[in-house]
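Me: Please take a close look at the aromatic side chains for me. Informal is fine, but spell out the cut-offs as you go.

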Amino acid sequence: FLALAAAAQQRGMRLAGHAPKGITLGEAAAAGLGSVEHAETVTLALDSAADPERLAMFRAVAKAGTFITPTLITEITLWLTPDSVARAILADSNGTRDPWRRYASRRALGVWEHVLALNKQGADPDANWKALYRRQVADVRLAHQAGVAFLVGTDLGSPVGLYPGASLHEELALLVRDGGLTPAEALRAATMAPVGRYVSSFRTR
C-alpha cells in the first residue's frame with residue numbers, strides 16, 4: 001500500500017479504498033489515503049483496540065484530512081436482512097412487497113442473485129452481525145467525536161434491496177439515527193464534502 005500511495009502522490013492522484021492491511025489507519029491516512037470505504041473495514045482494522053486507542057487513531061485520521069465513508073445501509077441490507085426477505089424482494093416483480101423493486105434493472109437483479117449465492121457460501125455462520133454493526137456505529141460516533149469528516153455512499157450494486165437514490169436517503173437517516181451526525185452534517189457529507197474533496201483534487205492536477 002505504501003508504495004502505491006507514494007506513486008499516486010507523485011502523479012497527483014487521490015486514493016480511496018478499504019482500510020489496508022498491515023498498517024494502521026493513521027499510517028494509511030498519513031500516506032495519502034483520501035477516503036476509507038465502509039465502517040466495517042474501519043472496525044476490522046481497529047480490531048480489539050480499546051475506545052481511547054480508537055479515538056486517538058481517529059484523531060490521526062482527522063489530522064491527515066482523510067474522510068470515512070461508512071455505508072451503514074450496506075451492512076443493514078447485506079448482513080442484517082434475512083435471506084428469506086432478500087429472496088422475497090427478488091421474486092416481487094410487481095413491486096407489491098417493495099415498491100422500489102419495480103425500478104431494479106435486469107442487470108441489478110442478476111448481480112443480486114449472484115451476491116446472495118456468494119454470501120451464503122462465504123458467510124461466517126458464527127458471526128454476530130448485530131454486534132458487529134453496533135461496533136461499527138460506535139466507531140462512527142468516535143470518529144465524529146475526533147473530528148473526522150464523512151462522505152455519504154451506499155456501495156450500490158451488490159446487496160439485495162440497495163436501490164439507486166433511495167438507498168442514499170436511507171444512509172443519510174442512518175448516519176443521523178445511529179452515527180450521531182446532525183441532519184445538517186449528514187447533508188454536507190452528501191453534498192459539499194464530495195465536491196470539496198474531488199473538485200479540489202482535480203484543480204491541483
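Reply: Let's start with burial: a residue is buried under 20% relative accessible area, exposed over 50% and partly exposed in between, using a 1.4 Å probe and protein chains only. This is a predicted model, so local features need pLDDT of at least 70 and side-chain atom pairs 80 or more, while totals for chains, interfaces and linings use all residues. Numbering runs from 1 along each chain as its sequence is written, and side-chain values use heavy atoms, with hydrogens and water left out.

With a relative accessible area of 5%, Y163 is buried, and W112, at 2%, counts as buried too. Now for the rings. Searching the whole structure turns up 3 aromatic pairs (Phe, Tyr or Trp rings, six-membered for Trp, with centres within 6.5 Å; planes under 30 degrees apart are stacked, over 60 edge-to-face, the rest tilted). One of them is W79 with W129: the ring centres sit 4.2 Å apart and the planes are at 10°, so this pair is stacked. W79 belongs to helix α5 (residues 72-79) and W129 to helix α8 (residues 129-145), so the contact ties together parts 50 residues apart in sequence. (Helices are DSSP H or I runs of at least four residues, strands E runs of at least two.)

Our buried residues, W112 and Y163, make another pair, this one edge-to-face, with 5.5 Å from centre to centre and 80° between the planes. W112 is in helix α7 (residues 106-122), whereas Y163 is in the loop between β4 and α9 (166-177), so here the parts tied together are 51 residues apart in sequence.

As for the strand before that loop, β4 (149-150) is an edge strand, pairing on one side only, and so is β1 (15-17). They belong to an open sheet of 4 strands with parallel pairing, in the order β1-β2-β3-β4 (a pair needs at least two DSSP bridges). β3 (residues 67-69) is joined to β4 by 2 bridges, and A149 in β4 is the bridge partner of F67.

Back to W112, which also helps line the largest cavity, along with T77, L78, T81, D83, A86, V115, L116, N119, S158, P159 and V160. (A cavity is where a 1.4 Å probe fits on a 1 Å grid but cannot get out; lining residues have an atom within 4 Å of a point.) This cavity's volume, the space filled by probe spheres, is about 80 Å³, and the count is 2 cavities of 30 Å³ or more. Helix α7 gives the largest share of the lining, 4 residues, while α5, α6 (83-91) and α7 each supply at least two.

Methods: On a 1 Å grid over the protein atoms alone, a cavity is a set of points where a 1.4 Å probe fits but cannot get out, and a pocket is an open set with protein on both sides within 12 Å along at least five of seven lines; lining residues have an atom within 4 Å of a point.
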